[in-house]
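I opened this notebook to record what I looked up in the structure. The entries follow the order in which I consulted it.

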Amino acid sequence: MTDAWGAFEARMNEQSDLGGIMGLLGWDEQTMCPPGGRGARAHHGATLAAIAHQRLVDPAYGEAIEAAAALPDLTVAQQAMVREARRSRDKATKLPEAFVRAMAQQRSATNQAWEHARETTRFEDYRPALEQLMRLKVEEADLLKGDGTRYDALLDDFEPGMRLERLQPLLASLRERLVPFAQTLLDAPAPDVSVLEQGFDRDRQYAFSLRVLEDLGFDFEHGRQDLSTHPFTGGAAPSDVRLTTRVWEDWLPACLYATVHECGHGLYEQGHSRELWRTSVCGAPSLGLHESQSRFYENVIGRSLPFWEHYLPVAREFFPGQLDGVDAMAMQRAVCRVARTPIRVESDEVTYNLHILLRFELEVDLIEERVAVADLPEVWNARMEQYLGYTPKDDVEGVMQDVHWSEGLFGYFPTYTLGNLYSAAIREAMVRDLQIDDLVRAGEFAPILAWLRERIHAVGAVPLGEDLMREVTGKPLEIDSFMTYLETRYGALYGV
Ligand code: ZN
């Protein structure tokens, strides 16, 4: 193509490469890096981020983007590349360099205060730093928001195109339907989970997770799995995807479902079409979309009865004698236990969304300055009691349990619930084409992956998230698919 496209493409490729290198450094920090190397790694990351930022805001890149945008006959993918490059650059240029530096320092200080306060269990040790960070987030949102709300501006980092005025009523309607349903399940007799709590050999658990990864279609020629404290998916490129998992000896689901969850993310990354590599649209259009893939594999597939009909005999080979006394139904009931768990990351797929709703409502109030940081613990605990019937025993179990806010991540939490909503809508669309249950029961996962590949993975961020989902599912973002999915599965399991 023309020189104008070539000039734009070279800069866009460079941004993508820098992102890939940062991804690899981040992966290394959490998996292989010796403790003594962390300090140097922090410098590497900061230097690289500064270089990437300078290259992004460079006026020459802005000119290259506009010259490319003016070209006639751009393909749909090329138009999207220009759109996304312009979006990232516009955002970066709206924040003065001094502000970016102040924010980076405050994030680091707030995160340290958070870690310290978790040790002392005193919110008071965290409050001043969080207040300072909130002031900067308000400033950031005001710099970025244009004619939207402050929350829109923050949400846009994770869910481009989404607006508070659509999200708020959607999640409020979810809350109205979900709270009473969850209460019914929480009040019902709890299933027996003792089968999952036997000591399971760590190496065998890891080997079992690799077996499941391979079955689901993860490509080890272009990816790998390692261990980390907090499981994540990262890496350098679609041809080099790094997953991590964890192993808990006394809780079989910890390793298995961390792997299956990250596998969903990893399959997505590996599935981006070759023509999108090293471009601004090589990725998911939104975090909610990314999360829909992990939740689809973890919950829709991984916690289904057919999954255990297929994997129970396999699991018995990995853990001889330990699973002889149960059937597939008992396994499903155990991995689908609904409980009043105070900690979000340990909660089940029903109450998980109540944890998210609480955070979403609070962070909207924080950024609009309707709730003060000092009042957070009280508001948090009251809402926890209201939604889950549980009062945290301290602030570590309550408002200080997540790392997100301490790192300045506001607008991130709703993407988890959007992922759940999308995953159920995707399932509804998929059953029109595929006999999912039969395929899973037979361990034939390839047609499921092919379906997702063609419709979602391959197109990357060429379409916007909501547009893509409307095309795939045939309907706008709504809560019915998800609630019907929960009511069907848990209604059967709990007899309610
Ligand atoms: Zn995830």
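**Entry 1: The strands**

I began with strand pairing in this predicted model, and I found that strand β1 (residues 223-227) pairs with β3 in the parallel sense over five bridges. For a reference point within β3, I noted L243 as the bridge partner of Q225.

I then turned to the other neighbour of β3. Strand β2 (residues 233-237) pairs with β3 in the antiparallel sense, over four bridges. Here D240 of β3 is the bridge partner of A237. I recorded that β2 and β3 are joined by a hairpin through two residues.

I next asked how many residues of strand β3 are buried. Five of the six residues of β3 (residues 240-245) are buried, so the strand is largely enclosed by the rest of the structure.

**Entry 2: The zinc ion**

I looked up which residues coordinate the zinc ion. The donors are NE2 of H261, NE2 of H265 and OE of E291, at 2.1 to 2.4 Å. Along the chain I read their spacing as H-x3-H-x25-E. H261 lies in helix α10 (residues 252-270) and E291 in helix α11 (residues 287-301), so this pair ties together parts that are 30 residues apart in sequence.

I also checked whether these two residues are buried or exposed. H261 is buried, with a relative accessible area of 11%. E291 is buried as well, at 7% relative accessibility.

**Entry 3: R150**

I located R150 in helix α7 (residues 150-155). Its relative accessibility is 14%, and I therefore entered R150 as buried, the cut-off being under 20%. The side chain of R150 makes a polar contact of 3.0 Å with the side chain of E369. Leaving aside residues up to four places away in sequence, I listed what R150 touches: V138, A141, D142, K145, I367, E368 and E369.

**Entry 4: The whole chain**

I closed with the protein chain as a whole, which has 20 helices and three strands. Its radius of gyration is 23 Å, close to the 23 Å given by the globule rule for 496 residues, so the chain is as compact as a globular protein of that length. I noted that the C-alpha trace spans about 65 × 55 × 50 Å along its principal axes.

Buried residues make up 54% of the 496 residues. Of the contacts with a separation of 6 or more, 74% are between residues 24 or more positions apart. The protein chain exposes about 20,800 Å², and carbon and sulfur atoms supply 50% of that area.

Methods
Residues are numbered from 1 along each chain as its sequence is written. This is a predicted model: local features need pLDDT of at least 70, side-chain atom pairs count only at pLDDT 80 or more; totals for chains, interfaces and linings use all residues. Side-chain values use heavy atoms; hydrogens and water are left out. Donors are N, O and S atoms within 2.8 Å of the metal (3.2 Å for Na, K and Ca); water is not among the atoms, so sites may look incomplete. Buried means under 20% relative accessible area, exposed over 50%, partly exposed in between (1.4 Å probe, protein chains only). A polar contact is a pair of N or O atoms within 3.5 Å; within protein, one must be able to donate a hydrogen and the other to accept it, and residues adjacent in sequence count only if both atoms are side-chain atoms. Contact means heavy atoms within 4.5 Å. The radius of gyration is taken over C-alpha atoms; the globule rule is 2.2 Å times the number of residues to the power 0.38. Accessible areas come from the Shrake-Rupley method with a 1.4 Å probe; for residues, only the protein chains shown count as cover. Two strands pair if DSSP finds at least two bridges between them.
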